[in-house]
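Here is a guided walk through one protein chain, written for someone meeting a structure like this early on. Keep the picture open while you read, and find each residue as it is named.

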Amino acid sequence: MIGYVTLGTNDLPRTALFYDALLGELGAKRLMETDRYIFWGVSLQQPSVALIKPFDGQPASVGNGGMVALAMNSRDKVDRLYAKALALGASDEGAPGDRGGGFYAGYFRDPEGHKLNAFCIG
């Protein structure tokens, strides 16, 4: 159902390095790129994540309550991606753990302050 998610950025080159390394762990690569945005994904036919400079020219800001959830197929992969994010300079928002009902997730913020999580069910 979701085609792509965009996250605002004030420093596209710096934040792009974070996502190159982080999403590379998931097999994603840059799919589309201009001086205003970069899209990462595994193919144009699957959902993607994008960094974008706001169209209105105003500074990008972090949305309160917004989050991008990255689906993993094992707890080990959740742990590894969470650790990779922190090693790349992300800030901790909740270490990986069972959140109830078989939902296992770790939360972090990218260099721009956007909240993400890596999760698996089961």
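Is Asp 92 buried, partly exposed or exposed? With a relative accessible area of 45%, Asp 92 is partly exposed, because that class covers the values between 20% and 50%. Please keep in mind that this is a predicted model.

## Around Asp 92

Let us stay with this residue for a moment. Asp 92 is found in strand 6, and it stands opposite Phe 108 in strand 7. Leaving aside residues up to four places away in sequence, Asp 92 touches Tyr 82, Leu 86 and Tyr 107. With Tyr 82 there is also a polar contact of 2.4 Å between the two side chains. A polar atom of the Asp 92 side chain lies 3.4 Å from the backbone nitrogen of Ala 95. Arg 109 is 17 residues away along the chain, and its C-alpha atom is separated from that of Asp 92 by 6.6 Å.

## The sheet

Now zoom out to the strands. Which order do the four strands of the open sheet follow? The order is 5-8-7-6, and the pairing is mixed. Strand 5 and strand 6 (91-98) are the edge strands, each pairing on one side only. On average, and ignoring direction, neighbouring strands of this sheet are turned by 20 degrees against each other.

The table shows how the strands are joined.

| Strands | Bridges | Direction |
|---|---|---|
| strand 5 and strand 8 | four bridges | parallel |
| strand 7 and strand 8 | seven bridges | antiparallel |
| strand 6 and strand 7 | five bridges | antiparallel |

You can trace individual partners across these pairs. Ala 71 stands opposite Phe 119 in strand 8. Gly 106 has Ala 118 in strand 8 as its bridge partner, and Tyr 107 has Asn 117 in strand 8.

Strand 5 (residues 68-71) has two faces: Val 68 and Leu 70 make up the covered one, while Ala 69 and Ala 71 make up the uncovered one. What about strand 7? Five of its seven residues are buried, so strand 7 is largely enclosed by the rest of the structure.

Two hairpins link strands in this sheet. Strand 6 and strand 7 form one, with four residues between them, and Gly 100 in the turn has a positive phi of about 105 degrees. The hairpin of strand 7 and strand 8 has five residues between the strands, and there Gly 113 takes a positive phi near 100 degrees.

## His 114 in its loop

Where does His 114 sit? Its place is in the loop between strand 7 (103-109) and strand 8 (115-121). Why does His 114 count as buried? Its relative accessible area is 6%, and buried means under 20%. The side chain of His 114 reaches the backbone oxygen of Gly 8 at 2.6 Å. Not counting residues up to four places away in sequence, His 114 touches Leu 7, Gly 8, Ser 61, Val 62, Phe 108 and Arg 109.

## Ala 50 in strand 4

Another residue to find is Ala 50, which lies in strand 4 (residues 48-52). At 0% relative accessibility, Ala 50 counts as buried. Its contacts, again without residues up to four places away in sequence, are Val 5, Thr 6, Leu 7, Ile 38 and Phe 39. Leu 88 is 38 residues from Ala 50 in sequence, and the two are 18 Å apart in space, C-alpha to C-alpha.

## Helix 1

Finally, turn to the helix. How far should the 13 residues of helix 1 (residues 12-24) span? At 1.5 Å a residue, the expected span is 18 Å, and the end C-alpha atoms are 17 Å apart, which agrees.

The buried residues of helix 1 are Leu 12, Thr 15, Ala 16, Phe 18, Tyr 19, Leu 22 and Leu 23. Seen down the axis, the buried residues of helix 1 fall within an arc of 155 degrees, so they line one face of the helix. Turned away from that buried side is the face that carries the exposed residues Pro 13 and Leu 17. At the start of helix 1, a side-chain oxygen of Asp 11 reaches to within 3.2 Å of the backbone nitrogen of Arg 14.

Note on methods:
Residues numbered from 1 in each chain as written. Predicted model: local features only at pLDDT ≥ 70, side-chain atom pairs only at ≥ 80, totals over all residues. Heavy atoms only, no water. Buried < 20%, exposed > 50% of the residue type's maximum accessible area, 1.4 Å probe, protein only. Polar contact = N/O pair within 3.5 Å; in protein donor to acceptor, adjacent residues only side chain to side chain. Contact = heavy atoms within 4.5 Å. Expected span 1.5 Å × (residues − 1). Arc of directions from axis to C-beta. Pairing = 2+ DSSP bridges. Axes fitted to C-alpha atoms, helices over the stretch in contact; angles between N-to-C directions.
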